[in-house]
Amino acid sequence: MRVVAGERKGMPLKAITGTTTRPTTDKVKESIFNIIGPFFDGGIVLDLFAGSGGLGIETLSRGASRGIFVEKDGRAYQTLLENIKKCRYEEVVETYKTDANRAIKGLLKRDLQINYLFMDPPYAKVEYYNLITALIEADKLTEDAIIVCEHAKEIDLPKEYGPFSLTRQETYGGTIISIYRNHI
């Protein structure tokens, strides 16, 4: 795994060993960013179920100004911290070793708006996608926010989350990437 593009292009990222997480491959990561935009002009990225942090770090490398990473698994969280340090993003990120539900409850109390939301929960935990609705209802996503969901082929996500519509879906083996944008 590595950072594909931007200011940290080529930086190798440590992957997590074991079966508790599924790192997004460089090929899939590159495809996601070809779809949502290769580079960004500031903004906040929220990487829920961050694992080793590959998607959030990639977004920072491509121009996002701040990152919020949430990862519950202890080994994955340690790897996430190492990758953030290696990429020298300690000053622009917040990391939380907690459950996504608890993290969202905390974020709902804050005055912030998210530009890029990455959702990659354990494939059997479909209920976590309800957190998207919680963020929308609390007005925590910008009007032009991009929501990227990574899920198993067997899971059908809704066509819409509030004003955000499914605009693109790509399949990579047993994984589907679903991208939502506001239909303003």
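**Phe 33 and its helix in a predicted model**

Among contacts between residues at least 6 apart in sequence, 63% join residues at least 24 apart. The model is predicted.

Trainee: How many helices and strands does the chain have?
Mentor: From the N terminus, the order of elements is α-β-α-β-α-β-α-β-α-β-β-β-β. The secondary structure comes to 5 helices and 8 strands.

Trainee: What radius of gyration does the chain have?
Mentor: Start from the chain's 184 residues. A compact globule with 184 residues would come near 16 Å. The chain agrees with that, at 15 Å.

Trainee: Which helix holds Phe 33?
Mentor: Look at residues 26-36. Phe 33 is found in that run, helix α1.

Trainee: Is Phe 33 buried or exposed?
Mentor: Buried means under 20% relative accessible area. Phe 33 has 0%, so Phe 33 counts as buried.

Trainee: How many of the residues of α1 are buried?
Mentor: Phe 33 is one of the buried residues of α1, and Ile 32 and Ile 36 are among them too. The helix is mostly covered. The count is 8 of its 11 residues.

Trainee: Which elements do the buried residues of α1 pack against?
Mentor: One partner is a helix, α2 (54-61). The others are strands. They are β4 (114-119), β5 (141-152), β7 (164-172) and β8 (175-182).

Trainee: What separates the C-alpha atoms of Phe 33 and Leu 55?
Mentor: Leaving aside neighbours within four places in sequence, Phe 33 has Leu 55 among its contacts. The two lie 22 residues apart along the chain. Their C-alpha atoms are separated by 9.4 Å.

Key
Residues numbered from 1 in each chain as written. Predicted model: local features only at pLDDT ≥ 70, side-chain atom pairs only at ≥ 80, totals over all residues. Heavy atoms only, no water. Helix = DSSP H or I, 4+ residues; strand = E, 2+ residues; numbered from the N terminus. Buried < 20%, exposed > 50% of the residue type's maximum accessible area, 1.4 Å probe, protein only. Contact = heavy atoms within 4.5 Å. Rg over C-alpha atoms; globule rule 2.2 N^0.38 Å.
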